[in-house]
Amino acid sequence: MQFQIPTLLLVLALLGGSVNGNGRVPKPTPTPTRTTTTSTTVVPTSTSTRPVTSTAITTSVVVPTKTTTSSSSTATPTSTLPVADVCGGKLRQRKAFSTLSDAEKKAFAAGVMAMKKSGKWDQYTLKHRSGMQWHMTTQFLLMHRALLTDFETELLKNAPGLSGLPFWDEFSDSANPLKSTAFSTSGLGPMASGPLGAPFTGLTDDSGDLVARDPDTSGSGKFNWVPQPQVMAAALSSYKTFGEMSHAIELTPHNSYHMLVGGHMGDPSISPADPLFYLHHAYIDTLWAGWQGSNPLHVTDLTVPGRARGDIQINPAAGTVLYEKTYTNTDMVYYRQRLCYEYVFPASLSGAQRAQRAMRALKDLDASSTVSANVTVTATNATSTNATTAAATNSSSTSNSNSTGPFLAVDPLPLAALHRMMPHMDAAVIAQRVSDAVASLNAAAQHLNDQVEAAMIASAVPVSVAVAQVETMHDLQVEAHAFIATQVQDDFKDSGIAAVQAMSVESTAASAAGSAGLPTLPPSSSGSSAPSSFGSSVSGFTAAAIAAAALAGMAM
């Protein structure tokens, strides 16, 4: 049926809240999700400092099973689901490189050089090269999530001081990425043209050439290929399907950062030779994970709308490209439950900290175009398809950065450079993808500038306060990962992982016993237990899922 307005009002009343500024329903913290059809095998909760989980969203109906909620619950998770046997009761923790201790940074560098010495480092470059044909397709994120998981396993063997693969927190550095504090002799090496320096001095690729970078340092170091973190959060929340989201983020920020760094990073056939490749792709993976947790309908979604060139329909039960005998595509969506890792983000900023950050961001704008209390806040409207394609065809020098609002439109990536990166892709497909990605980001910038203007007028607040109220990528990530940690359970279906397959058999047996009126299976020797029964007047779905579906106008 199609949700109507009365239904929307009802579900919002059930939630005891309202729709937040980015159009999503604020997620209360419910009790753990419980499945009606399977007995989930679990082990004691990990000692991780962040929430840990196992999940129960089926791949056929991309909506969580029923949960109970409390109107007085807070945004901070108070109850987490235990980690399944497949993870050994513990999750790898992927942290921002900037938050690592000196010892952890040294461990990462030592691990890289040890992998190079053993020959493992070059094997991952070769593995990635064998998957070049999957770039700019809907297999892109799936393939790289599997590759990162495999690489992380090998890295931790050589760097036991790490808790997981670090990521480059790119949107914290988006105003001036080449000036990131991560690029130093005690971090990821200086960001300078030429071969890598300490701590990767002498690192070579699989052909024996020194790994090099070639950043554009002729200007200020600021580029308008990368959206601001608030714009990226708004755009990410607007993508309704996996295919739409995947195509957009592959172009920017994924391709944007490859092109900014240049050198080996600018050539996908050799880019994994630079250690930065893995930290960059780990951050791209956080965007997919954030999108998954931003809406209950996204958690297991692998939908690809239409059959345009470059779009490949995804079979959830099929093997993941490059890892067909190891993982399925369903294994990829359950990254916490089956691949056994989580991303660690610092707690959200206070109001004062957010205002200070907003003021620093505003100072980056030209004084003549910075919005003030007496200036109407407007952004460059989203460029039309034809105009965007034409601009992209020429170069990125035609700037949209003359927006008069705090949130700037982005410039299209130059098609000539994209052709060099993706020579196997049809030029028309690349041009259309660039057009679509730029249009979605610039529409998000326009929306946020309108939102800031409305806040300034309605509340008579200065622009810094209005900007500080806008959701950032960090806000989205914290909320999304808390949702995944507390509300998602695994059905153990369609897996290529032996341990998950074994749990599926046990779960099916427990379900059959329950259907026959037999007693629930007692905890297994591993410490697992069957889920308890549940009760709610909202049959089959969480109130948040219903509200999200109603807001999206989706038929169910």
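What follows is a chat between a trainee and a mentor about a predicted model.

Trainee: Let's start broad. How many helices and strands does the chain have, and how much of it is buried?

Mentor: The secondary structure comes to 16 helices and six strands. Of the 556 residues, 56% count as buried. As for contacts with a separation of 6 or more, 78% of them are between residues 24 or more positions apart.

Trainee: Which residues have the most contacts inside the largest nonpolar core?

Mentor: Those are F108, L236, F242, M245, W288 and M473, in a core of 124 residues. Helix 12, residues 427-459, gives the most to this core, with 13 residues. Take L236: leaving out residues up to four places away in sequence, L236 touches M245, I249, L287, W291, M473 and L476.

Trainee: L236 is in helix 5, right? What makes helix 5 roughly antiparallel to helix 6?

Mentor: Yes, L236 belongs to helix 5. Helix 5 (residues 229-238) and helix 6 (residues 242-261) pack at an angle of about 155 degrees, with their axes 10 Å apart. Angles over 145 count as roughly antiparallel, so helix 5 is roughly antiparallel to helix 6.

Trainee: Which residues make that contact?

Mentor: M232, L236 and S238 come from helix 5, and E244, M245, I249, T252 and P253 from helix 6. By class, the contact of helix 5 with helix 6 divides into five nonpolar, two polar and one charged.

Trainee: K240 sits in the loop between helix 5 and helix 6. Why is K240 called exposed?

Mentor: Its relative accessible area is 59%. Exposed means over 50%, so K240 is exposed. K240 still has contacts beyond its neighbours within four places in sequence: W291, H298 and D301. K240 and D301 are 61 residues apart in sequence, with their C-alpha atoms 9.5 Å apart in space.

Trainee: On to helix 4. How do you know that helix 2 is roughly perpendicular to helix 4?

Mentor: The axes of helix 2 (residues 102-118) and helix 4 (residues 140-158) come within 8 Å and cross at roughly 105 degrees. The range for roughly perpendicular is 65 to 115, so helix 2 fits that label against helix 4. On the helix 2 side you'll find F108, G111, V112, A114 and M115, and they meet F151, E154, L155 and N158 in helix 4. The residues of this contact of helix 2 with helix 4 split into six nonpolar, two polar and one charged.

Trainee: And why is helix 4 called roughly perpendicular to helix 6?

Mentor: Here the axes of helix 4 and helix 6 cross at roughly 70 degrees and come within 9 Å. Since 65 to 115 counts as roughly perpendicular, helix 4 is roughly perpendicular to helix 6. F140, L141 and L142 in helix 4 meet F242, M245, S246, I249, E250 and H254 in helix 6. The contact of helix 4 with helix 6 has six nonpolar, two polar and one charged residues.

Trainee: T149 lies in helix 4 too. Why is T149 called buried?

Mentor: The relative accessible area of T149 is 3%. Buried means under 20%, so T149 is buried. Not counting residues up to four places away in sequence, T149 touches R92, R94, Y327, L339 and Y341.

Trainee: Now the rings. What makes the pair of F171 and Y283 tilted?

Mentor: A search of the whole structure finds 17 aromatic pairs. For F171 and Y283, the rings are 5.9 Å centre to centre, with 50 degrees between the planes. Under 30 degrees would be stacked and over 60 edge-to-face, so 50 degrees makes this pair tilted. The two are 112 residues apart: F171 is in the loop between helix 4 and strand 2, and Y283 is in helix 7. Both F171 and Y283 are buried.

Trainee: How do you know that the pair of Y323 and Y327 is tilted?

Mentor: Their ring centres are 6.1 Å apart and their planes are at 45 degrees, so the pair is tilted. Y323 is buried, with a relative accessible area of 6%, and Y327 is buried as well, at 12%.

Trainee: Which residues form one aromatic cluster with F171 and Y283?

Mentor: F167, Y335, Y341, Y343 and F345 join F171 and Y283 in that cluster.

Definitions and conventions: Residues are numbered from 1 along each chain as its sequence is written. This is a predicted model: local features need pLDDT of at least 70, side-chain atom pairs count only at pLDDT 80 or more; totals for chains, interfaces and linings use all residues. Side-chain values use heavy atoms; hydrogens and water are left out. A nonpolar core is a set of buried Ala, Val, Leu, Ile, Met, Phe, Trp, Tyr and Cys residues joined through side-chain atoms within 4.5 Å. Buried means under 20% relative accessible area, exposed over 50%, partly exposed in between (1.4 Å probe, protein chains only). Helices (H or I, at least four residues) and strands (E, at least two) are DSSP runs, numbered from the N terminus. Contact means heavy atoms within 4.5 Å. Axes are lines fitted to C-alpha atoms, for helices over the stretch in contact, and angles run from 0 to 180 degrees between N-to-C directions. Angles under 35 degrees count as roughly parallel, over 145 as roughly antiparallel, 65 to 115 as roughly perpendicular and the rest as oblique. Ala, Val, Leu, Ile, Met, Phe, Trp, Tyr, Cys and Pro count as nonpolar, Asp, Glu, Lys and Arg as charged, and the others, Gly among them, as polar. Rings of Phe, Tyr and Trp (its six-membered ring) pair if their centres lie within 6.5 Å; planes under 30 degrees apart count as stacked, over 60 as edge-to-face and the rest as tilted.
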